[in-house]
Structures are given as C-alpha cells and as structure tokens.
Amino acid sequence: MKKLLTPLLVLAVILALSAGNSTAMAHLSARWQDQLRRADALAQQERWTEAAAALEEGYGDWSRHQTYLHIVTEHDAVEGAESMYLRAAAFARTQELSEFRAETAGLCAQLRLLTEMERLHIGNIL
C-alpha cells in the first residue's frame, strides 16, 4: 500500500494543477473577450479613440500573462492571438470598422480555443 501512496499523491497534485490551470485560463480568456467586446462596441459607435484605448488596455492585460501562456499552452496559438491583437490595433488606428470587427471576432474565437485547449476533459488527456 505504501508503494502506491507516492504515485497517487503525484497524480492528485497533477490533477489539481490541471484543474487550477483550466479555471485560470477560462477566467483570463473571459476577461480578455469582455475587453474585446467593449472595444468592438465603442468602434461601432465610431468612438475610435476610446476603442483603441480599450483594445490597448486588453492587449496590456494579455501581455502581462505571456510567460504563463507560453508555459501552459501551445506557442502557435499564443502567437496567433498576439498577431490578431496587433492587426486589430492597426485597424483601430485606420478606423476600418468591418476589418476591426472581423479581427476582434476572430481574436475572441482564438481566445476560446486557448481555453478549450486547456480545459480538463478526456479529449485533452488522450
């Protein structure tokens, strides 16, 4: 029985860390998506300065979590989202509404994908 205790404890710790990571990623992704929706709503109202500021605020929040993101998820997915943030900022500067909205919608989808990739379920384990 004692021989099983250490492996079971290791598995329990891994499971707890995985669950915590999944929860953290879902929380962060929801926050970033809310920031993007706010920027999108401002852009639709033609309040471009505020939309760009809201997007910049969201990007700053995203940037502060880069180390964590690169540790826990795929680099290509993180770098893809990074590129989308930068393209959205360019569209905000040029006040191109349709392109801005398409980029922020794509970025929200990318953030949902990051959450899904870290969600604790059998498909991610196998």
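**Close-up views of ring pairs and salt bridges**

At 46% relative accessibility, E57 counts as partly exposed. The model shown in these views is predicted.

**View 1. E57 and R38 form a salt bridge.** The closest N and O atoms of E57 and R38 are 3.7 Å apart. E57 sits in helix α2, and R38 in helix α1 (residues 2–44). The bridge therefore links distant parts of the chain, 19 residues apart. R38, like its partner, is partly exposed. Its relative accessible area is 43%. A search of the whole structure finds seven salt bridges.

**View 2. R64 and D61 pair within helix α2.** Three residues separate R64 and D61, about one turn of the helix. The closest N and O atoms of this salt bridge are 3.8 Å apart. R64 is exposed, with a relative accessible area of 64%. D61 is buried, at 5%.

**View 3. E103 of helix α5 meets R87 of helix α4 in a salt bridge.** The N to O distance between the E103 and R87 side chains is 3.0 Å. Along the chain, E103 and R87 are 16 residues apart. E103 has a relative accessible area of 11%. That value is under 20%, so E103 counts as buried. R87 is partly exposed, at 39%. Salt bridges with shared partners also join R31, D61 and R64 into one network. Beyond its neighbours within four places in sequence, E103 is in contact with M84, R87, A88 and F91.

**View 4. W48 and F100 form one of four aromatic pairs found in the whole structure.** The ring centres of W48 and F100 lie 5.5 Å apart. Their planes meet at 80°, so the pair is edge-to-face. W48 belongs to helix α2 (residues 48–64), F100 to helix α5 (residues 97–118). The pair thus ties together parts 52 residues apart in sequence. Both W48 and F100 are buried.

**View 5. Y59 and Y85 form a tilted aromatic pair.** The centre-to-centre distance between Y59 and Y85 is 5.5 Å, with 55° between the planes. Y59 lies in helix α2 and Y85 in helix α4 (residues 75–94). The two tyrosines are 26 residues apart, and their pair links distant parts of the chain. Y59 and Y85 are both buried. Ring pairs link W32, Y59, W62 and Y85 into a cluster.

Note on methods. Residues are numbered from 1 along each chain as its sequence is written. This is a predicted model: local features need pLDDT of at least 70, side-chain atom pairs count only at pLDDT 80 or more; totals for chains, interfaces and linings use all residues. Side-chain values use heavy atoms; hydrogens and water are left out. Rings of Phe, Tyr and Trp (its six-membered ring) pair if their centres lie within 6.5 Å; planes under 30 degrees apart count as stacked, over 60 as edge-to-face and the rest as tilted. Helices (H or I, at least four residues) and strands (E, at least two) are DSSP runs, numbered from the N terminus. Buried means under 20% relative accessible area, exposed over 50%, partly exposed in between (1.4 Å probe, protein chains only). Contact means heavy atoms within 4.5 Å. A salt bridge is a side-chain nitrogen of Lys or Arg within 4 Å of a carboxyl oxygen of Asp or Glu.
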